[in-house]
Amino acid sequence: MVVDMNQNPNQAADKGLDLRHVSKMFETVKVLDDVSLNVMPGEFFTLLGPSGCGKTTLLRIIAGLEMADAGQVFLGGTEITHLPAIKRHVNTVFQSYALFPHLTIYENVAFGLRARKFPAAEIKKRVEQRLEMLDLSRMARRRPHQLSGGQKQRVALARALVNEPDVLLLDEPMSALDARLRAQVQDDLRRLQRELGRTFILVTHDQAEAMVCSHRVAVMQEGRVVQCGTPEEVYDNPRDSFVAQFLGAANLIPATRVPGGVDTAFGFLALEKEPPWQTGAVAIRPEWIGIGDKQPAVNGIRARVKEIVYRGTNYDLWVEPGPLRVRTSSYRRIDPGRDVWLELSPEELVVLENETA
Amino acid sequence: MKTKPPDSILIWFGELTTRRHLLKRGMLLLMPGMLWLMLFLVLPGLVLVLVSVITRGAYGQLEWVLTLENYRRLAGFSLFGWTADYLMILWRSAVVAFVTTLVSVLLSYPLCFFIAGRPQRTRYLWLTLVIIPFWTNMVIRTYAWFLILSPQMPIARLAAYLGIIAQGAPLYPNAFAVYLGMVSIFLPFVTLPLYASVERLDWSLVEAAKDLYASPVSVFTQAILPQTMPGLSVGIILTFVPAMGVFVVPDLLGGAKYMLVGNLIQQQFGPSRDWPFGAAISMGLMVLTLLGIMVYRRRGKDLETV
């Protein structure tokens with residue numbers, strides 16, 4: 001489902017999840033500071049940030065496991081700010097999975113339906129369908145301790161999805177998996193969400209996970225949402241150095257505004273648009289820097305390769321003057337000591353709007 | 001001719017050794033414990049069995065004549081026909097022990113959650129408050145209840161005002177006083193092991209249950225009870241077993257009419273000087289206790305986590 005960023009927020013609030021000015025204090029620490037977000041129905045939305053940024057607390061407020069000190073939460077146009085978890089049609093996949101150890105996989109998955117007193121035949125039908133969907137049918141009679149990490153994760157997913165929640169919350173569901181399995185689960189999760197068309201909200205500190213899965217990402221820092229948009233928007237146009245560096249690698253260049261561009265340690269750099277600040281920073285991703293033997297027309301820098309790092313899909317070059325990181329494709333090896341021309345073309349240079357000195 | 005297979009060499013806690021050598025040393029290390037059990041459990045137990053099947057002499061001395069008379073008496077048969085008196089006492093003891101355990105468990109859960117919810121610094125202060133009565137003699141603690149339940153104190157006055165007891169009467173001796181005394185003595189036996197389980201509780205299971213629409217009752221039975229089962233089991237056994245044989249509390253707070261099996265046994269070994277009958281009652285108590293534990297184990301198995 002393609003999501004239009006510019007959709008009228010009031011319209012979206014009628015259907016999706018709407019957080020308005022949510023704040024939360026833990027004793028004297030402000031973990032959430034006036035967070036407003038809008039998640040549309042059928043959207044895969046990711047809360048991305050380092051540990052302690054408040055993303056898990058925000059998720060728990062949506063789940064009803066924590067109550068906001070200020071602000072409101074709306075789901076499908078109805079206010080649920082003060083509703084307890086048991087009354088919200090929202091289900092969670094917990095970081096530790098939190099499977100009931102004394103119940104079988106079948107009983108774990110059936111838990112929510114049994115609690116809501118569904119007829120036995122209906123429970124059986126729905127549970128079996130979910131187990132089948134997540135390739136767990138053979139595990140139905142086992143207990144959680146007999147399962148691998150990946151299987152447990154799928155049980156947690158089945159247990160939440162069987163209730164057909166309006167919003168599925170995923171609290172770092174892949175943090176306990178090894179790197180290879182994680183990559184596979186990311187793909188599976190994306191496909192599952194697209195297939196079901198349900199709203200998923202994922203909490204993670206892994207930018208790759210956020211990029212692979214999400215329609216939109218909200219980058220959080222110290223209890224606030226610093227930037228929200230599609231992965232492309234956030235990656236291509238970070239608003240400050242934190243976002244630039246949290247999603248992928250970035251070269252940050254402190255800069256002072258001059259007519260037509262900025263003055264930097266590398267000399268004058270032409271820009272496409274004028275920065276909103278007097279002194280601040282511009283950024284450029286390593287793979288956006290052009291490299292050649294001839295001097296480019298604008299924004300050329302004469303540099304010497306100091307170090308070369310092979311990364312499989314590409315080479316990373318560290319050059320001087322710098323430090324600047326430049327990324328070249330893996331069939332383009334440039335040995336240390338060589339002098340090259342770098343091109344930081346104006347269309348690739350990002351002005352970090354919120355980064356003022 | 002067959003040769004013995006060579007004993008495999010293995011590394012055990014950083015020491016190069018053989019299986020046979022380890023076995024020998026293990027036996028040696030087990031010896032003190034085995035001796036202790038033999039001396040203080042198996043031997044006295046056998047003596048008790050023996051004493052229960054011999055005869056009491058005219059002056060209370062033991063006469064080495066084998067008989068099952070003591071067990072017949074316990075079952076209620078005497079010169080004057082059959083009465084259920086002794087069996088009633090055994091039954092009443094089981095009921096008292098059961099109720100005491102149940103009340104202690106019901107009180108311990110909120111207490112444990114209260115303590116576990118305190119900040120780290122004050123948690124041990126609260127635990128100490130639970131333990132302090134432990135350090136006081138059981139008789140003294142029981143006498144303390146006399147004071148609390150005496151006619152001048154507010155509780156008895158309130159009861160008299162409500163017409164439950166006569167004006168100026170104390171709140172003892174009666175069943176209520178016995179239960180009060182019993183619970184106050186056995187509460188820490190449940191609270192302490194249960195607290196150990198509650199403190200380590202994985203709250204994400206509680207949250208998962210709430211997230212999956214569980215009612216408060218099923219949050220408890222599905223998320224809390226299975227996790228606290230180990231501590232609860234220890235607490236139940238530590239309470240039920242000694243509560244079956246307690247005699248100081250019913251003696252003091254229950255009066256002569258509220259006889260429990262503990263008093264009965266104490267009477268036989270004490271004033272009545274009828275050791276064989278006392279031993280037979282002790283055997284009856286032991287069988288009843290073991291039965292109780294067996295029933296509990298059977299029922300509890302469904303709940304315990306794998």
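I started at B:Pro173, which sits in the loop between helix 6 (154-161) and helix 7 of chain B. The model I am reading is a predicted one. I looked up the peptide bond from B:Tyr172 to B:Pro173 and found it cis, with omega near -5 degrees.

I then checked chain A for a similar entry. The bond from A:Glu320 to A:Pro321 is cis, with omega near 5 degrees. I placed A:Pro321 in the loop between strand 17 (314-320) and strand 18 (324-329) of chain A. I also noted A:Asn299, which is not a glycine and yet has a positive phi of about 50 degrees. A:Asn299 belongs to the loop between strand 15 (290-292) and strand 16 (300-310) of chain A. I wrote these entries down because most residues other than glycine have a negative phi, and most peptide bonds are trans.

Next I turned to helix 9 of chain B. How far apart are the end C-alpha atoms of helix 9 of chain B? I read 36 Å for its 30 residues, where a straight helix would reach 44 Å at 1.5 Å a residue. I looked for a bend and found one of about 60 degrees at B:Met229. A proline, B:Pro230, follows within four residues of that point. B:Pro230 also appears among the residues of helix 9 of chain B that meet helix 7 of chain B.

I went on to that pair. Helix 7 (residues 175-199) and helix 9 (residues 216-245) of chain B pack at an angle of about 160 degrees, and their axes are 7 Å apart. Angles over 145 degrees count as roughly antiparallel, so I entered helix 7 and helix 9 of chain B as roughly antiparallel to each other. I recorded their crossing as right-handed. From helix 7 of chain B the contact includes B:Phe186, B:Phe189 and B:Pro193, and from helix 9 of chain B it includes B:Leu232, B:Gly235 and B:Leu238. By class I have 13 nonpolar, six polar and no charged residues in this contact.

Helix 3 (residues 85-116) of chain B packs on helix 9 of chain B too, at an angle of about 145 degrees, with axes 9 Å apart. This crossing is right-handed. I listed some of the residues involved, including B:Ala97, B:Thr101 and B:Val105 of helix 3 of chain B, and B:Ile236, B:Phe240 and B:Met244 of helix 9 of chain B. The contact of helix 3 with helix 9 of chain B has nine nonpolar, seven polar and no charged residues.

I closed the set with helix 3 and helix 7 of chain B. Their axes come within 7 Å and cross at roughly 45 degrees, which means that helix 3 of chain B is oblique to helix 7 of chain B. The crossing is right-handed. I entered 20 nonpolar, four polar and one charged residues for the contact of helix 3 with helix 7 of chain B.

My last look was at the two chains together. How many residues of chain B are in contact with chain A? I have 15 residues of chain B in contact with 18 residues of chain A. On the chain B side, helix 8 (203-211) and helix 9 are the elements that give two or more residues. Helix 8 of chain B gives the most, with six residues. I split the chain B side by class into seven nonpolar, five polar and three charged residues.

How values were computed: Residues numbered from 1 in each chain as written. Chains lettered and ligands numbered in written order. Predicted model: local features only at pLDDT ≥ 70, side-chain atom pairs only at ≥ 80, totals over all residues. Axes fitted to C-alpha atoms, helices over the stretch in contact; angles between N-to-C directions. Parallel < 35°, antiparallel > 145°, perpendicular 65-115°, else oblique. Left-handed = near helix turned anticlockwise from the far one by under 90°. Contact = placed C-beta atoms within 7 Å. Nonpolar A, V, L, I, M, F, W, Y, C, P; charged D, E, K, R; others polar. Expected span 1.5 Å × (residues − 1). Bend = angle between axes of the 7 residues up to and from the residue.
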